[in-house]
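Okay, thanks for coming, everyone. I'd like to walk you through one model today, so let's put it up on the screen.

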Amino acid sequence: MEWAVDARAKVVNMSLGADGYADGTDPMSQALNALTASSGTLFVVAAGNTDPSQSTIGTPGAAEAALTVGAVDRDDSIAPFSSRGPRSGDGAVKPDVTAPGVGIVAARADGTTLGDPVDSHCVSLSGTSMATPHVAGAAALLAQQHPDWTAQQLKDTLTSTASTVSGTGVTDQGGGRIDLAAAMGPVTATGSMALAPLSVGGDWEQRQATVRYTNTGDRPVTLSLDLKMATGSGRALADGVVGVGATTVHIAPGATTEVPLLTDPAGAARGQYYGYLTAASADGTVAVHTTVSLLVHAPRHRLKVVYRDRAGQVVPGWLGTIFGADGFVDYTDREAGIALVEEGTYYVSGQFTDYAADGYSEIGNVVAPEVKVTEDTTVTLNAAEVSEVKFRTPRPAERSGVLCPTYYRRIDGKDLFQTTTVYQGDRFYTNATGPVTDGTFEFSVRTQMVAPQLQAKASGASVGFRPYYETFSPVFRDRGERLTAVAAGTAQAPDFRGTRGKLAVLRDDGSSGYDSFALARAAESAGADAVLLVLPERFPVSTQWRPAGERMALPFVRSSSADGAALLKRMAQRRTTVAFTGTMRSPYLYDVMGVWKDSIPKNPHYTVSEHNTAVVRATYHRTGASQWASEQRFAWRPYQATAWGQRNRFVPVGHERVEYVSAESGTQWQHAVQYKVIETTDQPLQGGMHDDPHTYRPGQHTSEQWFGAVVRPSIPRGGHLPSVRKDNALSIYVPEFNDGTHHWSFAERGGFGDTSADTATAVLYRNGQQLARSETGAWGIFEVPADEAAYRLDLTTKRVSDQWHFGTGTHTSWTFRSGASAEPALLPLLQLDYDVPVDAQNAVGRSRTHSVGLSVRMQDGMAAPRDVSLKVEASYDHGRTWSSAHTTRRGHDSRFTAVVERPARLHQDAFVTLRVTATDAHGNGVRQTVTRAYLHRGTE
């Protein structure tokens, strides 16, 4: 900003800033105000792309002197991403104006891929950063027409002549969508006016502000004035609170006329009020408006927050969260826990963390979601009244990974989200509440549950205990182990004598560290079958076991201090065996999004049942060397802009798992699966395959086949980015690897020097001559001559990683005709879909023949191909020799069944390589070869 001022810029476009809840007093906003005051430079600032919530304007868009710009679509509706006002703190109107910011086409910098490519030179992009340059350009044209105008005059003119959109809130659009032709007109007005705040019941006299009208034309103008106030935050406007001092205004050529706006506290009600003072000529040729806002304060009272701990004792100096119609509230007396608040509804909460003797954390949130303040009020948050959040499932299950509780509260249009991360084994508590009647309240919990992973029970004990595997420990057999327990000293001074064939029980005395890998090796050398480590008191017992990486020498588990002490005591009294049961390969998963609306019950126990759950039979097909994959199912409630607190998980491949997914109304899901183990579990999965966001219905039954044959390039169904011809450019978007159920992914090229990376090469031919080549696959824009011609697109992929035994190489060749088109025209690229009866190992049975289903289709949005002919060939020697499969039509012009037969001389397991050729009535064609498409089991 300083550089631009030093360069004597009259107008500065600022498509940058920091998102969220700025009030205009931050350093960057203050710097903008100061620079404008000292230089006269107008800063035109993007409002931000936070979300549709109120008061999401960032900095420096919150600056008073900034001309802040929101984004609208072609029909002038506010873009969903465009940040809204009012400005935090004082409730002033921001953004000031809007401009087109959705699907804006502009020049593409060479070698970049930002946005959606339109042709070889242009891309399309959305954002308030796309809207702001429209306004900056308009301001520059005004400055050229009126070189003596100040920054404020430029801002007032564009704001007062903008086009307001009916049904759109004042704090969403400000003065409206800019109208440069109107701004070039003869009359301008004050762009916006934030009236001095009032207080309900105040004894102030009437206040006055001034609106200015300027006539730059050569004729006098008479305008009729009309003040129309719109409500803000759901409050009704009392008559007479705001008034205008005249009904008409006469403005001589070159003159400025002032009109008073009056406010009267009598009859005012608390709230934020917004509207427009319009001024129009009788013939309608002149029309300007001023955006008006008024903040009315209610009487203030003392709100005292008292916190009692889980023993019911008052904790002095403890401060909770207070949230209301104006956002978060600060304490005026922090020592006494007192805040001075306006009359209204508030949400008050406080969190605690305790550490139990068993090594687990106990985390809780005590909430009072609806505190109505009409006088001095005391609210008590009593942690002694909390109950643990629990889950009931049809089959035995325990929490795995994290639990993410979320409190959502909406008061007078202001949103509050409170969430935390509760790790595996830790417990979460909350209190019961009464029903909320003012605004919206919801409590939700997101977690996942699996079959018990590890349980232990000592002989003679009435109850068992929960140990955890060390991160890289081997695991016991699923049918369990029973071992005699023998004391083996401490981790710091172990003594494994006498542990052969037994469970060596160690104590961690806390005096120093130790090497668990070395302890496991020493125990194995002594002949022990497993190690159990007893942790010190209050030491966290839970771990995150990983299926990949260097394994310890033998199973190594840990228990809490309390469980371990009980075991050691029993061992000292009698011969003791310990029975271990559980599985790390759970045959089922409960993906839970539990929801309580309006209130929290006394015992927040969420019961998973067919009435709130969908059943998904998910098969994770094995693709290569790895016996495990990483997967992640994201969940959003309607008020969430992103999914949080949802880590990726490990799942065994080559198996089916039954997954019970919460189907609560409004919950949206998206599933992603990576074919190998990703070590970092607290980040979203970036590679692998995914589906599109969707919802589930209670009682719904469905299935998913991840990485099931045939994995090959194709354009998926379901709203995928289309491949089109527009003018002299082919925009082609073909993902390289898609499975049999329309999950799709790109080649994973790895980092520098990664010799196991995938490769994808595309070559485009026109009338038999090579026109373009891409080493990044068939994804991008290819510039072509205008005349109609015959095209061939070849896409070749290769996978050399030991994680891929199937689909290691593909070659797909599409043939089609195309000519210049003024509007985007879908390219007639025939797509092949396969239905192969493979099992979870991507293999078909031992029978000599098997049937493969094939479908030929176009992209979504195009008519089905007609008069399709199809040829299927199979190879059992990786493409050296081929045999034709007998193919029949399946009651539809583009659906077929092919019978693939293993060569008579071949009796062992063998990979099937497929080559499929299809054409339609218009001469469009496709030939696709997939090397090692799937495995055919032999008879030997």
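I'll start with a sheet and then move on to salt bridges.

Quick housekeeping: this is a predicted model, where local features need pLDDT of at least 70, side-chain atom pairs count only at pLDDT 80 or more, and totals for chains, interfaces and linings use all residues. Residues are numbered from 1 along each chain as its sequence is written, and side-chain values use heavy atoms, with hydrogens and water left out.

So, the sheet. It's open, with 4 parallel strands in the order 1-2-3-4; strands here are DSSP E runs of at least two residues, helices are H or I runs of at least four, both numbered from the N terminus, and two strands pair if DSSP finds at least two bridges between them. At the edges sit strand 1 (11-14) and strand 4 (97-100), each pairing on one side only. Strand 3, residues 67-72, is joined to strand 4 by 4 bridges, and V72 has P100 as its bridge partner there.

Now, salt bridges: a Lys or Arg side-chain nitrogen within 4 Å of an Asp or Glu carboxyl oxygen. That rule gives 43. Take R177 and D76, with closest N and O atoms 3.0 Å apart. R177 is in the loop between helix 5 (170-173) and helix 6 (180-183), and D76 in the loop between strand 3 and strand 4, so the pair ties together parts 101 residues apart in sequence.

Then there's R633 with E659, at 2.6 Å between the closest N and O atoms. Both residues are buried, meaning under 20% relative accessible area with a 1.4 Å probe, protein chains only (exposed is over 50%, partly exposed in between). Shared partners link R446, D591, E631, R633, R649, R657 and E659 into one salt-bridge network.
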